[in-house]
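I opened this notebook to look up how the parts of the structure meet one another. The entries follow in the order in which I made them.

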Amino acid sequence: MKTTLTVNGEAHEVTHDPRRSLLDTLRDDLRLTGTKKGCDHGQCGACTVLLNGERVNSCLCLTAMHDGDEVTTIEGIGSPERLSALQKAFVEKDGYQCGFCTPGQIMSATAMLREISEGAPSYVSDDLEVPKLTDTEMAERMSGNLCRCSAYPLIREAIAMASEVSQ
Amino acid sequence: MKDTFTMDCPQPRLLDETHQGVIGTGMDRPDGPQKVSGTAPYTADNPTEGVAHGALVRATVTRGRVAGIDRASIANLPGVIDVITDPRMTRNPAQGMAGEAPVQPGDAVHYHGQPIALVVAETFEAARDAAQRLKVTYTTENAAVTPENGEHEVGEPDAAGDFQRAFDSAEVQLDREYTTPSQVSAAMEPHAAIAEWKGNEVTLRAAQQMVRFNKAELADTLGIDESQVRILSPFVGGGFGSKLGLGPEAAAACIASQKLGRPVRVVMPRQTVFDCVLRRSETKQRVRLGATKDGRLTAISHDDQVSNLDGEGFAEPTSQASQFLYGADGLSFTQTVARIAATPAGSVRAPGEAVGMLAFESAVDELAQELGMDPLELRLKNIPATHPLDGRPYSVRRLADCLTGGAERFGWKDRAVKREGDWLVGMGMASAARSNMLVKSAARVRLTGDRAVVETDMTDIGTGTYAILAQITAEMLGLPPAQVEVRLGDSDLPGASGSGGSFGANSAGSATFLAAKDLRGQIAERLGCAVDDLTLQDGRARGANREVALSELVEAELTAEATIEAGETAETHFSSGFGAHFAEVAVNEWTGEVRVRRMLGVMAMGRILNEKTARSQAIGGMVWGIGGALTEEMVNDSRDGHVVTRDLANYHVAAHADVPRDMQVVFLEERDDWANPIQTKGIGELGISGAGAAVLNAIAHATGVRIYDFPATPDKVIAALEAKG
Ligand code: FES
Ligand code: FES
């Protein structure tokens, strides 16, 4: 079957098996291998991408259901020569070790910062009207992104650093 | 190949004399921009023309034989190419540093979930579907799947003095039993392999930690010569022991690719990783401590029971650190191995210490409580003069400094149980120890002008190898690190130790250092000065009253290769990293939930090569400590041994919300002259060793109750609190 997707601003028509996940379409059909497969079951966050601006686990999305949708992957955030503020902060703070969860952490954090700035509260928000970017908020909101190397405190330092730069 | 350098006596601290000033600094990882942009190529990311997809079919019985594989059952599924069975297929990953094929079981099934065939298809979806639908029949046999029912092999005790007498006559005695469940590495990158043949030579891209050994394992598995094998592992998405040995996915990919004449990719689904990658054994541990009333340890015993599949040589070395942390008049350590039909056991980060120290350091803490003594004092009081079992002197050991320095920083002296609403807050601490090793390693350094290239088959599994080998070379040759390129993970390059046992930086780092040192000699010769008079800095060479840019002095490439291996110092001195962990936790008295609020690890681990990557590894280890203490638990079905917790929802590794921001690490200045010529000690595993015990001891401090069956999940905490009343 055929599905049309806009990925990182570029339109693609892909012919695919009906069982294909968005993750496998990105990785194997479009060769955008920055998005990683850590579990294929929505349990690790390594496959996080933005789908029409919202973060999702792309392993849980069937490609067939996303005709006409817009996807942003890590490749759409920055390249080694032109890193985003968040990407730079991960390098400076050593917010990774093996790097396998990193694209997912960065995609998730990109969306998370926007969610907070738009006032979306979480389970740990003290103020449901105006949530703040505290470490507790970040820890809660990033918990869908596992890092077995366990760079967690450094990932959150990097996110905090990048958000200060952008403000 | 140059002669091998053996570490027979302490070496001069050359890295303290050089002038570039990059060694030890927290330089950013050179591979960082690739990792954060998604362009670092992990195994499964490599585009391969014409690749076919393989899915491992796994046994649904515990023990027996494959009686029949009904190929017709999937023949009509679109896209299916073949079902591969082959006597060369392997049962499980090789144990670390095996250097030979793992068991090749033929049609025998030894545990539930064992790979028995590979379905190959045009697409991943078709292969996955067909592997599940394939009809397989078995003949079955009975097998013990729990350690209680398995056959027990009782080892000879490691002992010194007369433990029993010392214990029986001790003024104060403590005798406790602890249990820990099986655990897994759960590296974020699932095991992956892409194999491709050209003629009779195979190239395997795979996620592996020890390329030199893996090459030998693959050649032996396939029955070909090592010269026909090339393995590429430039980026590995975490290992923690799980990728030490060549895995069944790699063997299957190579066999299928050979048979089909096209490249084959096999990536394990997460559930397969749980089912057939080596686990850390569950343990049953008995710790007995005897002491005088004023807190001098007189008797130490730490016996353990672990399990493994029949014939697998590995046994979790549970009491490894207990054997040298503290001294006593009598010490005894006995291990029992239960043989069971379940996923084989092997190395998972800090084999031994990770679970052994949970129990041992909990027992030491409880003894302090019985003695009415500060647990810090008890530990300080019992640091032995020499290795308690064999009398060897320690190379360099700053355990006492770690303990006292950590206590001061953490505010240990002011600890008091606090109540904050429903939360009880307390502090705990534990010693940390992880023995240190040097493993045979080679590396080559090439210098042209003011640019150098380091080449070794060493891997970087997140440990920072790309950074530290660049730093060592830059420091030795007087270059900015950006002018040093590091090439890793290619079996055609000089063979290193690989990443395991925290010996990678020591071993591959020393080989790189020696190669660069050789180049310094060659540069001095060109400059016409004695090597002792040579100064290399910022791409310039000084000596004999001359100063010349390397770009002029070294027009044609200079190259040096060096090999190092352990020597007499490993016999004469005992080298280990030491440290102290401190934790503050809050325990909810109604729900039993434990929240870690802050942790501090003070560690002395020889020379630090990169402050930033070292800190990351230490923090990573401490977080694993939290996991071992509170959440990580692999459950096997007690009837057929199959893994019940076979995904990341059912096996809980620490997530962001489990880890506080306040995770501090302090490295004490240290040089281990007996360890290796760069005076380093391993880092990756010291962080975990003892960290979980600090958390458990903090729970005891906060609540007044102790858990003996780890992890300390809320159900157990509530039960203990209720029992206390
Ligand atoms: S791969 Fe999608 S959540 Fe793990
Ligand atoms: S960096 Fe390795 S899993 Fe996060």
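**Entry: domain 1 and domain 2 of chain B.** I looked up the salt bridges first and found 4 between domain 1 of chain B and domain 2 of chain B; a salt bridge is a side-chain nitrogen of Lys or Arg within 4 Å of a carboxyl oxygen of Asp or Glu. B:Arg13 pairs in this way with B:Asp673, with 2.7 Å between the closest N and O atoms. I also noted 15 residue pairs in polar contact across this interface, both residues at pLDDT 80 or more. A polar contact is a pair of N or O atoms within 3.5 Å; within protein, one must be able to donate a hydrogen and the other to accept it, and residues adjacent in sequence count only if both atoms are side-chain atoms.

On the side of domain 1 of chain B that touches domain 2 of chain B, strand E1 (4-7), helix H11 (465-477) and helix H12 (504-527) each supply at least two residues. H12(B) gives the most, with 6 residues. Helices (H or I, at least four residues) and strands (E, at least two) are DSSP runs, numbered from the N terminus.

**Entry: basis of the values.** The model is predicted: local features need pLDDT of at least 70, side-chain atom pairs count only at pLDDT 80 or more, and totals for chains, interfaces and linings use all residues. Residues are numbered from 1 along each chain as its sequence is written, chains are lettered from A and ligands numbered from 1 in the order in which they are written, and side-chain values use heavy atoms, with hydrogens and water left out.

**Entry: bounds and area in chain B.** I recorded domain 1 of chain B as 2-40 + 455-565 and domain 2 as 402-436 + 580-725, bounds that come from an automatic or database domain assignment. Their C-alpha centres are 35 Å apart. The area buried between the two domains is about 2200 Å², with 53% from carbon and sulfur atoms; buried area is the accessible area (1.4 Å probe) that two parts lose on being put together, summed over both. In domain 1 of chain B, B:Arg13, B:Ser502 and B:Asn506 lose the most area to domain 2, together 24% of what that side buries.

**Entry: chain A against chain B.** Which residues of chain A supply more of its buried area against chain B than any other three? I found A:Arg19, A:Gln97 and A:Arg148, which supply 18%. The area buried between the chains is about 4700 Å², and the contact (heavy atoms within 4.5 Å) takes 57 residues from chain A and 62 residues from chain B. I noted 8 salt bridges across this interface. A:Arg148 forms a salt bridge with B:Glu632, the closest N and O atoms being 2.8 Å apart. Polar contacts join 30 residue pairs between the chains, both residues at pLDDT 80 or more.

**Entry: the two domains of chain A.** The assignment for chain A gives domain 1 (2-76) and domain 2 (85-166), with C-alpha centres 22 Å apart. In contact are 17 residues of domain 1 of chain A and 16 residues of domain 2 of chain A. The two domains bury about 1300 Å² between them. I counted 2 salt bridges here. A:Glu115 forms a salt bridge with A:Arg55, at 2.9 Å between the closest N and O atoms.
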